[in-house]
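Got a minute to look over a model together? Here's a quick briefing to keep beside the viewer.

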Amino acid sequence: MRDLKILGIESSGMVASVAIVDGDTLIAEYTMNHKKTHSETLLPMIDEVMKTSEVKMEELDAIAIASGPGSFTGLRIGAATAKGLAMAIDKPIVPVKTCEGLAFNMWGADGVICPIIDARRNQVYTGLYRVTGGVEVIMDQEPMDIHQLIEKINLVCDGREASAPQGVTFVGDGIPIYEKTIWDEIKVPCKMAPASLNRQRGASIAAYGELLYKEKSFINADDFAPEYLRKSQAERVKDEKKQLEETEK
């Protein structure tokens, strides 16, 4: 198959990042992680990378989008943006699971890659992966208590479960929040990804999106919806209130 031009969009967390890849070449990437909302930044960033790289929208083969989990607001803004653009140019969307996109930052790294995205209440969105070509899933993404996750890693990485190699590299915005807990409880070799690799990147979404496209893992824009993995904070509060009212009856 010929090289593909893919626009990657990442808005699942605090970082807003867009990129264009053409086969093995990263043509342009624009990443912002500073005090602005995605509703303010995302479309201007896309417009900037398209203009400066002189790529026309109709030249794109697909739009890859971080499909979740992550910030409910960020995912909705990203989804609306990707769907609107894809419909306008009649091209497919390639959904990329957020944790797999983060893991792809560490392509070629030894050992297990563990994205941790802060989900509050001592929870993270996480998964376990090896990334030597594509993304090999050891544990699919899910919300998990940080202590439970470290127990799982200690089991997986010492060889008692599956055949995972030694060692784990953490990546994601949960690192500053849970790093002390990790160092206190981890029992296997451990590293934290550097600043250049430890947050969501449009380039990884676009590059991994090209691999998924070649595997036919794309959908029509109409069919795309974010993968939240759990209810929003407002929905959880509503459910808790309802349960309390039923208990008091």
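What follows covers the overall make-up, one helix pair, some salt bridges and one residue in the first helix of that pair.

Keep in mind that this is a predicted model. The protein has seven helices and ten strands, and 49% of its 249 residues are buried. Take the contacts between residues at least 6 apart in sequence: 66% of them join residues at least 24 apart.

**How H1 and H2 pack**

- Two packed helices are described by the angle between their axes and the distance between the axes.
- For helix H1 (residues 38–53) and helix H2 (residues 72–89), that angle is about 30 degrees and the axes sit 10 Å apart.
- Angles under 35 degrees count as roughly parallel, and H1 and H2 are therefore roughly parallel to each other.
- The crossing of H1 past H2 is right-handed.
- On the H1 side, the residues that meet H2 are His38, Ser39, Leu42, Leu43 and Ile46; their partners in H2 are Gly74, Ile77, Gly78, Thr81 and Leu85.
- Sorted by type, the residues of this H1 and H2 contact come out as five nonpolar, five polar and no charged.

**Salt bridges**

- How many salt bridges does a search of the whole structure find? The count is seven, and three of these are worth a look here, including two within helices.
- In H1, the side chains of Asp47 and Lys51 pair up, with an N to O distance of 3.2 Å. These two are four residues apart in the helix, so about one helical turn separates them.
- Asp47 is partly exposed because its relative accessibility is 37%, while Lys51, at 58%, counts as exposed.
- Helix H5 (residues 175–185) has a pair with that spacing too: Asp184 and Lys180 are four residues apart, which puts about one helical turn between them. Their closest N and O atoms are 2.9 Å apart.
- Both ends of the H5 pair are exposed: Asp184 has a relative accessible area of 54%, and Lys180 comes in at 63% relative accessibility.
- Glu136 and Arg130 also join through their side chains in a salt bridge, at 2.5 Å from N to O.
- Is each partner in that bridge buried or partly exposed? Arg130 is buried, with a relative accessible area of 15%, whereas Glu136 counts as partly exposed at 39%.

**Met45, a buried spot in H1**

- Met45 also belongs to helix H1, and at 2% relative accessibility it counts as buried. The cut-off for buried is under 20%, so Met45 qualifies.
- Which residues does Met45 touch once its neighbours within four places in sequence are left aside? The contacts are Ala16, Ser17, Val18, Tyr30, Thr31 and Met32.
- Ala16 is 29 residues away from Met45 along the chain, and the C-alpha atoms of the two are separated by 8.7 Å.

**Putting H1 together**

- To pull up H1 in the viewer, start with Leu42, Leu43 and Ile46, which are among the residues that meet H2.
- Then find Asp47, which forms a salt bridge with Lys51.
- Finish with Met45, which is buried and has Tyr30 and Met32 among its contacts.

Methods. Residues are numbered from 1 along each chain as its sequence is written. This is a predicted model: local features need pLDDT of at least 70, side-chain atom pairs count only at pLDDT 80 or more; totals for chains, interfaces and linings use all residues. Side-chain values use heavy atoms; hydrogens and water are left out. Axes are lines fitted to C-alpha atoms, for helices over the stretch in contact, and angles run from 0 to 180 degrees between N-to-C directions. Angles under 35 degrees count as roughly parallel, over 145 as roughly antiparallel, 65 to 115 as roughly perpendicular and the rest as oblique. A crossing is left-handed if the near helix is turned anticlockwise from the far one by less than a right angle, and right-handed if clockwise. Contact means heavy atoms within 4.5 Å. Ala, Val, Leu, Ile, Met, Phe, Trp, Tyr, Cys and Pro count as nonpolar, Asp, Glu, Lys and Arg as charged, and the others, Gly among them, as polar. A salt bridge is a side-chain nitrogen of Lys or Arg within 4 Å of a carboxyl oxygen of Asp or Glu. Buried means under 20% relative accessible area, exposed over 50%, partly exposed in between (1.4 Å probe, protein chains only).
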